[in-house]
Amino acid sequence: MKLTPETFDAIREVVHDLCGLVVGDDKHYLVVTRLEPVLKRLGIPSYESFVQGLAGPDATHLREQLVEAITTKETSFNRDGHPFETLRRSILPELASRLLDRRAGPGPTHARCRIWCAAVATGQEAYSVAMAVSEFLASRPGLELSLDDFPILATDISARALAIAREGRYSTEEVRRGISEDSRLRHFRRDGESWIVSEPLRRMIDFRRLNLARPLPNLGTFDLILCRNFLIYLDDDTRRRLCQGFHRALNPSGFLMIGAAESLYGVTDSFSAEQFGKTLVHRKR
């Protein structure tokens with residue numbers, strides 16, 4: 001099958017409309033690599049026929065297939081390492097102190113510290129955050145806080161990726177990538193050739209489907225939002241709108257963590273940047 005420049009442009013325009021991702025001029029080969037197996041599986045004879053179908057009676061199904069094929073699901077446990085060390089050493093202690101202050105004040109005594117992991121793909125990042133919370137609490141028994149006090153919302157556009165995340169089952173290779181043997185034995189159980197995330201960690205996380213390219217629904221408020229290595233795929237307007245949504249969703253002085261290769265410069269001035277070791281974190285102003 002041949003993907004002409006005109007059809008390539010039509011496909012990437014649909015991708016942008018559907019999920020906000022910018023498919024660059026140099027991604028022709030990527031589109032072919034990811035879409036050709038889909039077309040063959042569905043019995044679609046050409047890319048032109050596929051584009052026509054995106055506006056036809058089977059449009060919803062084909063658009064789902066397009067999003068599943070094109071969206072990048074690259075992720076791993078404790079990706080980049082130092083951000084999760086920063087969570088344990090700096091951010092979670094502050095959030096725990098903030099939570100205890102809320103409970104000691106005039107507000108509700110059942111207040112919790114909510115965390116949102118956006119664009120979570122197959123779930124490794126959300127489980128990494130859950131592990132960081134578990135290890136932090138184990139190191140501070142005097143706080144008398146539990147995993148239930150740190151609920152995690154984890155969202156992604158891909159239904160297929162979320163199904164994997166909810167199951168919490170990963171290969172030995174995936175688990176060894178970024179997780180020490182001690183953490184693996186503490187937070188996973190072996191099941192044949194797979195490893196399954198422990199039930200206490202799985203109970204912490206609510207996996208939901210969410211398209212970040214659309215106006216954000218009311219998800220409540222959070223003390224920490226992680227959206228790492230996603231903003232780089234968006235155009236300026238979508239990036240700006242999304243960061244404004246994150247700002248609204250954060251409690252006062254809440255934290256936003258983005259990828260090391262990403263920046264809020266020229267996007268929003270509603271956050272102040274703070275350096276914690278190797279990790280740059282953004283705090284709501």
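## A walk through two sheets and a helical bundle

Let's start with the open sheet of three strands, ordered S3-S5-S4 and paired in the antiparallel sense. Strand S3 (169–171) and strand S4 (188–191) sit at its edges with a single partner strand each, so one side of each has no neighbour in the sheet. From one strand to the next, the twist averages 35 degrees. Keep in mind as we go that this is a predicted model.

Stay with S4 for a moment. Four bridges tie S4 to strand S5 (residues 194–197), and the two run antiparallel. If you want a spot to zoom in on, try Asp191, whose bridge partner in S5 is Ser194.

Now for the other sheet. Here seven strands make up an open sheet, and reading across you get S6-S2-S1-S7-S8-S10-S9, with mixed pairing. The edges belong to strand S6 (205–209) and strand S9 (271–276); each has a single partner strand, so one side of each is left without a neighbour in the sheet. The twist in this sheet averages 25 degrees from one strand to the next.

Take the S6 edge to begin with. S6 pairs with strand S2 (residues 152–156) in the parallel sense, over five bridges. Along that pairing, Leu153 stands opposite Asp206 in S6. Helix H7 (residues 159–167) lies across both S2 and S6, and H7 runs at about 165 degrees to S6. An angle over 145 degrees counts as roughly antiparallel, so that is the word for how H7 runs relative to S6.

Hop over to the S9 edge. S9 and strand S10 (residues 279–284) pair in the antiparallel sense over six bridges, and Ser272 stands opposite Arg283 in S10. S9 and S10 form a hairpin with two residues between the strands, where Gly277 takes a positive phi near 60 degrees.

Further inside the strand order, look for the aromatic rings. The count of aromatic pairs comes to seven. One of them is Trp116 with Phe222, a tilted pair at 5.5 Å centre to centre with 35 degrees between the planes. This pair links distant parts of the chain: Trp116 is in strand S1 (residues 115–117) and Phe222 in strand S7 (residues 222–227), 106 residues apart.

That leaves some helix packing. Two packed helices are described by the angle between their axes and the distance between the axes. Helix H1 (residues 5–19) packs against helix H4 (residues 59–70) at an angle of about 90 degrees, the axes being 10 Å apart. H1 and H4 are therefore roughly perpendicular to each other. On the H1 side the contact comes from Ile11, Val14, Val15 and Leu18, and on the H4 side from Arg63, Leu66, Val67 and Ile70. Sort those residues by class and you find seven nonpolar, no polar and one charged.

H4 also packs with helix H2 (residues 28–42), this time at about 145 degrees and with the axes 9 Å apart. The crossing of H2 and H4 is right-handed. H2 brings Val31, Arg34, Leu35, Val38, Arg41 and Leu42 to the contact, and H4 brings His61, Leu62, Gln65, Leu66, Ala69 and Ile70. By class, the contact of H2 with H4 has eight nonpolar, two polar and two charged residues. Leu66 and Ile70 of H4 are worth picking out on screen: they appear in the contact with H1 and again in the contact with H2.

Key. Residues numbered from 1 in each chain as written. Predicted model: local features only at pLDDT ≥ 70, side-chain atom pairs only at ≥ 80, totals over all residues. Heavy atoms only, no water. Axes fitted to C-alpha atoms, helices over the stretch in contact; angles between N-to-C directions. Parallel < 35°, antiparallel > 145°, perpendicular 65-115°, else oblique. Contact = heavy atoms within 4.5 Å. Nonpolar A, V, L, I, M, F, W, Y, C, P; charged D, E, K, R; others polar. Pairing = 2+ DSSP bridges. Left-handed = near helix turned anticlockwise from the far one by under 90°. Phe/Tyr/Trp six-rings, centres within 6.5 Å; stacked < 30°, edge-to-face > 60°.
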